[in-house]
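Reader: Let's talk through the empty spaces and the ligand site in this one. Could you show me the model before I start poking at the labels?

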Amino acid sequence: MVCAVQPNISIVGRGSGRIIRGGFKISPQRFLMNTTIQNFDLLINGKIVSAHENKYFDAVNPSTGEVIARIADASTDDVKLAITAARRAFDMSWINSTISIEGRAKELLTVAGLIREHAKELADLESMDTGKTLKQTTFIDIPTAADTFEYFSNQTDVLNGNPIAVLSSSLCLAQREPIGVVAAIIPWNYPLIMAAWKIAPALLCGNSVILKPSPLASLSLMRLAQLIAQAGLFKGALNIIASSHPQAGAQLVGHPDVDMVSFSGGTSTGQEVMRLAAQTTKKVVLELGGKSPNIIFSDCDWDAALGGALSAIFMNQGQMCTAGSRLLVEDSIYDDFLKALVDRAKTLKIGNAMDFQTEFGPIISRQQRDKLLAFVQQGKNEGAKLLCGGKVPAISDSVATNGFYFEPTIFGDVQNSMTIAQEEVFGPVLCVIRFKDEAEAVRIANDSKYGLAAMIWTKDREKANRVAQRLRCGTVWINTYGAFPNEAPFGGYKQSGFGRELGKEGLLEFTQTKHVCIDQTPGGKPLVSAWF
Ligand code: NAD
């Protein structure tokens, strides 16, 4: 789990005036000192290529507001090229057994190795580009992405065909086959992990893939694209394109040569994806938003629940689809628990994500921060009690003054019907709601259009299991938060989407089943041949 790669270069970071250890292969000083801005190009047909008319868009560091790199900006023509490459790779070679399933698994394992070898560099890029703290990218994002590639490289057996028991004299086989060209469209909050969750299983199954990250967070993936191209992996079966054009994703979804869309993002975008995909009747897997209830019973382990509640809303600055953004606290401990929570929230160290001591980095963009400020105003207007945060903090670090910071925010006295309790805020804004008993906790928890995840904190195992059964969501964490084992399926109920990622179920999403029926009638003449 923990990154084992030692950093190989020491550089001075301006943010804190202290030594930041870095492992860049590509002039780290240029990022931090902002002298020359490096360009990152597209991966199309196994080669790193610039976009049409050599256009680029800026990658902005949310910790400082500075431009840190320029990303090739795929146009309609570039998207077409990527689709053509993926189609050809699928039709001509990938599917024609030029590369066996074992070969594909080996290439996935090579990607896991590349990620581990470049762990420090990728962690730095991910933190600079997204504002995730360096502690998080180092200990969670990078090792998790590598582990996912490795996990799927070991799942070749899942794809074996199976004979089906039938009553007739036929031999029936169910064969798992790839779907074809898969568009993998991902959001900005976990670029490397989301990419790994989609491209590793899709490629193992024999699909070809076009990965499109969010324009707000493409940098680490465009660097991974370089590493993959240099290693000569996948040869056109994996294409990685970034684009600032909102229609690039829609173009992928609507194109007849794309057979499946695996989408993670907001619920309203997911609805649009479904509409567009209907035009060509293609398969979609939708991993969408959430408003997850975090239920604290009075018989919880106090310290564990307090830590869990903080992590569930303030890790990654609350920008998690599974954020425990509705905290349901049992009446008898409500006041004390809330006070302890607010006290702890006020102590979180806010700052530049590149400082290893930072506990709470910036929000991804100024626009996203403005949305949070508007939600806070709405919460106040609707009568919720702002207990801490809700505003832009004063930052003493001179480099960070232009970053997109926002204080950890807690609202008490929230009614579940309020907008801040019903809409996905997607930031560090916690709504605390009081409940009197188990039945009321379940009712409030399920009173949401979303159904992604839930958390339960109690020492009473029976109660925990009972409540877990009654919650309408895809994941329930009991006395823990945020575990995503590669072996376990992840996905939503209700408007949080459908389809699963990870595990056997996640792998099989990228396959379709062919039934092969072989006659075994004695004498070789089945009834159908004598019908007329
Ligand atoms: P978003 O929906 O705005 O964008 C997601 C991706 O879709 C981006 O790559 C974007 O460029 C692309 N896109 C935009 N319009 C499109 C269209 N019409 N057709 C196809 N693609 C299009 O989401 P975001 O702001 O990047 O991410 C935040 C959202 O993602 C939150 O709602 C969060 O809950 C959700 N999310 C869900 C999961 C999950 O697994 N359930 C995981 C992470 C994030």
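Author: Here's a place to start: the largest cavity takes up about 90 Å³. Keep in mind that this is a predicted model.

Reader: What makes that space a cavity and not a pocket?

Author: A cavity is a set of points where a 1.4 Å probe fits but cannot get out, while a pocket is an open set. The 90 Å³ space is listed as a cavity, so its points are ones that the probe cannot leave. With 30 Å³ as the cut-off, there are two cavities.

Reader: Which residues line the largest cavity?

Author: There are 16 of them, and Pro293, Ala445, Tyr450, Gly451 and Arg472 lie nearest its centre. Helix α14 (438-446) and strands β20 (450-451) and β21 (453-457) are the elements that give two or more residues to this lining. By class, the lining has eight nonpolar, four polar and four charged residues.

Reader: How do you know that the second largest cavity makes the 30 Å³ cut?

Author: Its volume is about 50 Å³, and the count takes cavities of 30 Å³ or more, so it goes in. Its lining includes Gly290, Lys291, Met320, Cys321 and Glu424.

Reader: Why is Gly290 in that lining counted as polar?

Author: The classes put Gly among the polar residues, so Gly290, which lines the second largest cavity, is counted there. The full split for this lining is six nonpolar, four polar and two charged.

Reader: What about the second largest pocket, and which residues are closest to its centre?

Author: That pocket has a volume of about 400 Å³. Lys135, Ser311, Phe314, Met315 and Glu359 are the closest to its centre, out of 16 lining residues. Helices α5 (134-153), α10 (302-314) and α11 (334-347) each give two or more residues, and α5 gives the most, with four. The lining divides into six nonpolar, seven polar and three charged residues.

Reader: Now the ligand. How do you know that threonine 269 makes a polar contact with it?

Author: An N or O atom in the threonine 269 side chain is 2.6 Å from a ligand oxygen. A polar contact needs a pair of N or O atoms within 3.5 Å, so this pair qualifies. The side chain of tryptophan 188 does too, with an N or O atom 3.0 Å from an oxygen of the ligand.

Reader: And why does alanine 250 count?

Author: Here a backbone N or O atom lies 3.4 Å from a ligand nitrogen. The cut-off is 3.5 Å, so alanine 250 is in as well. As for cover, the ligand has 850 Å² of accessible area on its own, and the protein covers 86% of that. Elements that give two or more residues to the shell are α8 (247-254), β13 (260-264) and α9 (267-278).

Reader: Which residues come nearest the ligand?

Author: Ile186, Gly266, Thr269, Leu288 and Glu424, out of 28 around it. The shell has 16 nonpolar, eight polar and four charged residues.

Reader: One last label: why are β6 and β7 called paired?

Author: Pairing needs at least two bridges, and β6 (residues 56-60) and β7 (residues 67-72) have five, so they pass. The two strands run antiparallel, and alanine 59 has alanine 69 in β7 as its bridge partner.

Key. Residues numbered from 1 in each chain as written. Predicted model: local features only at pLDDT ≥ 70, side-chain atom pairs only at ≥ 80, totals over all residues. Heavy atoms only, no water. 1 Å grid on protein atoms, 1.4 Å probe; cavity = no way out; pocket = protein on both sides within 12 Å on 5 of 7 lines; lining within 4 Å. Points joined across faces, edges and corners; volume = space filled by probe spheres on them. Near = heavy atom within 4 Å. Polar contact = N/O pair within 3.5 Å; in protein donor to acceptor, adjacent residues only side chain to side chain. Areas by Shrake-Rupley, 256 points an atom, 1.4 Å probe, with all protein chains shown as cover.
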